[in-house]
Amino acid sequence: MIKYFFATTLFLFAFASKAQALSVRHDFTAFIGPFNASTAEFEYDLQPQNYAVRSTVRTNGTFNVLYPFEAKYFTGGKIENDFLETSAYHYTSQSRFNKRTKEMIYNDKGQPVFSISTKNGKEKKKEIEPTPETEDTTNLQTVLAAIARQYNNLRFCDSRIPIKKKKKRYDVIFRDEGTEQLPKSKYSPFSGKAAKCSMYIDKLGAEGDDLLWQLSSDRPIYFWIMEDEKAKAPFIARIKINETPLGEMNVYTTNIEVKE
C-alpha cells in the first residue's frame, strides 16, 4: 500500500512553471477508503542545467498505528537539450522493525551501474550491468519531471516514455482526459476548472512483484492540474486511483509554496 501511495505522490513534485529557475514545495494528504492514510511534503528545484527533488512521506492515523512508516527520497541530475538525466538517487526509510537505505551510482549515460543498500546496518553492494533493453530509458521520478516540462511548454500530457526497473524495460503512458470542475473539499483549498490527465504502466508482457507495476490500462492513476494564480505555475490539485486492495484512493493537495 505504501508503494501505491508513493507512486501517486510523485506527481506533485513534477509540475513547475516555465521559469528558468524555480523551487516548489507541496503538502498533501492521502485517503485510502475511509482512512486518512498518509501525509507528505515535496520540494523540488529546476535550474537551467540541473534538477533536484526531495520528499518525505509518512503514514498517518490508524495506518501509522498498524504500520508506522516514514521515508525520505532524493533524485537529482542534469538537463541537456531538454533531456533530464539522473546522476544521483538516495533513499532512507524507517518502519516498525526495519531501517533501510539505498544509494544508486550512475554512469555518464544516466544508467545505474552500482547500488549500495543497508538493512538495519547490514550493508550490501551490487554491481548493475546495463543491457540493450534498458538503454535510452530513465527512472520513474525523472520521467515525471520530464512530462512536467512537456506540460509546461505545450499544455498537454500525451506521451509514452520508456523506463527501467532492475534489468527490465517498461513504458509509462500519459493521456489527456479533457477538463473537469473539481468540487470543493474540506481536505483541500483548491477547486474549480482543472485539466485531467491519466497515467499507467505498460509492462510490455513482463511480470513484477511491485504494486506500482501491477497498474494497468484498466486502473490508471488520474490527476487534475490547476495553475497557481500568482506564479502561474501548474500543479497537481488532486489524484485518484479508483481501485486499490483497500478501496478507492484520493490524494488532496493541501498547500503549495512557489519560490523563484
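1. Strand 3, residues 50–59, is a mostly covered element: 7 of its 10 residues are buried. The model discussed here is a predicted one, and strand 3 is a convenient place to start reading it.

2. Strand 3 has a partner on either side in the pairing list. With strand 2 (residues 35–46) the pairing is antiparallel and runs over 9 bridges. The link between strand 2 and strand 3 is a hairpin of 3 residues. One of the bridge pairs can be named: Ala 40 is matched with Val 57 in strand 3.

3. Strand 3 also pairs with strand 4, again antiparallel, through 9 bridges. Here Ser 55 stands opposite Tyr 73, a residue of strand 4. In a regular strand, side chains alternate between the two faces of the sheet.

4. What kind of ring pairing is found in this model, and how many aromatic pairs are counted? The count is 8 aromatic pairs. Such a pair is described by the distance between the ring centres and by the angle between the planes. Two of the pairs are taken up in the next points.

5. Phe 31 and Tyr 252 have ring centres 6.0 Å apart and planes at 85°, so this pair is edge-to-face. The two residues come from distant parts of the chain: Phe 31 belongs to strand 1 (residues 22–32) and Tyr 252 to strand 14, with their positions 221 residues apart in sequence. Phe 31 and Tyr 252 are both buried. Ring pairs also bring in Tyr 187, giving a cluster of Phe 31, Tyr 187 and Tyr 252.

6. Tyr 73, already met opposite Ser 55, forms an aromatic pair with Tyr 91. The pair is tilted, with 5.0 Å from centre to centre and 40° between the planes. Tyr 73 lies in strand 4 (residues 69–80) and Tyr 91 in strand 5 (residues 83–95), so the pair ties together parts 18 residues apart in sequence. Are these two rings' residues buried or exposed? Tyr 73 is buried, at a relative accessible area of 9%, and Tyr 91 also counts as buried, at 16%, because the cut-off for buried is under 20%.

7. A further ring is involved with a charge. The charged end of Lys 196 sits over the ring of Tyr 222, at 4.6 Å from the ring centre.

8. Which cysteines are joined by a disulfide? The bond is between Cys 157 and Cys 197, with a sulfur-to-sulfur distance of 1.9 Å, and the count for the model is 1 disulfide. The link is right-handed, with 70° about the S-S bond. Cys 157 is in the loop between helix 3 (140–154) and strand 9 (159–165), while Cys 197 is in strand 11 (residues 192–202), so the pair ties together parts 40 residues apart in sequence. Both ends are covered: Cys 157 is buried at a relative accessible area of 1%, and Cys 197 is buried at 0%.

9. Thr 253 is in strand 14, which spans residues 249–259. Thr 253 is buried, with a relative accessible area of 1%. A polar atom of the Thr 253 side chain lies 2.5 Å from the backbone oxygen of Ile 236.

10. Ser 23 is a residue of strand 1. Ser 23 is buried, with a relative accessible area of 9%. Setting aside neighbours within four places in sequence, the contacts of Ser 23 are Glu 43, Tyr 44, Asp 45, Glu 257, Val 258 and Lys 259. Ser 23 is also 8.8 Å from Gln 47, C-alpha to C-alpha, with the two residues 24 apart in sequence.

11. One backbone angle deserves a look. Asn 120 is not a glycine, yet has a positive phi of about 55°. Where is Asn 120 found? The residue is in the loop between strand 7 (112–119) and strand 8 (122–127). Asn 120 is partly exposed, with a relative accessible area of 46%.

Definitions and conventions: Residues are numbered from 1 along each chain as its sequence is written. This is a predicted model: local features need pLDDT of at least 70, side-chain atom pairs count only at pLDDT 80 or more; totals for chains, interfaces and linings use all residues. Side-chain values use heavy atoms; hydrogens and water are left out. A disulfide is a pair of cysteine sulfur atoms within 2.5 Å. Helices (H or I, at least four residues) and strands (E, at least two) are DSSP runs, numbered from the N terminus. Buried means under 20% relative accessible area, exposed over 50%, partly exposed in between (1.4 Å probe, protein chains only). A polar contact is a pair of N or O atoms within 3.5 Å; within protein, one must be able to donate a hydrogen and the other to accept it, and residues adjacent in sequence count only if both atoms are side-chain atoms. Rings of Phe, Tyr and Trp (its six-membered ring) pair if their centres lie within 6.5 Å; planes under 30 degrees apart count as stacked, over 60 as edge-to-face and the rest as tilted. A charge sits over a ring if NZ of Lys or CZ of Arg is within 6 Å of the ring centre and within 35 degrees of the ring normal. Contact means heavy atoms within 4.5 Å. Two strands pair if DSSP finds at least two bridges between them.
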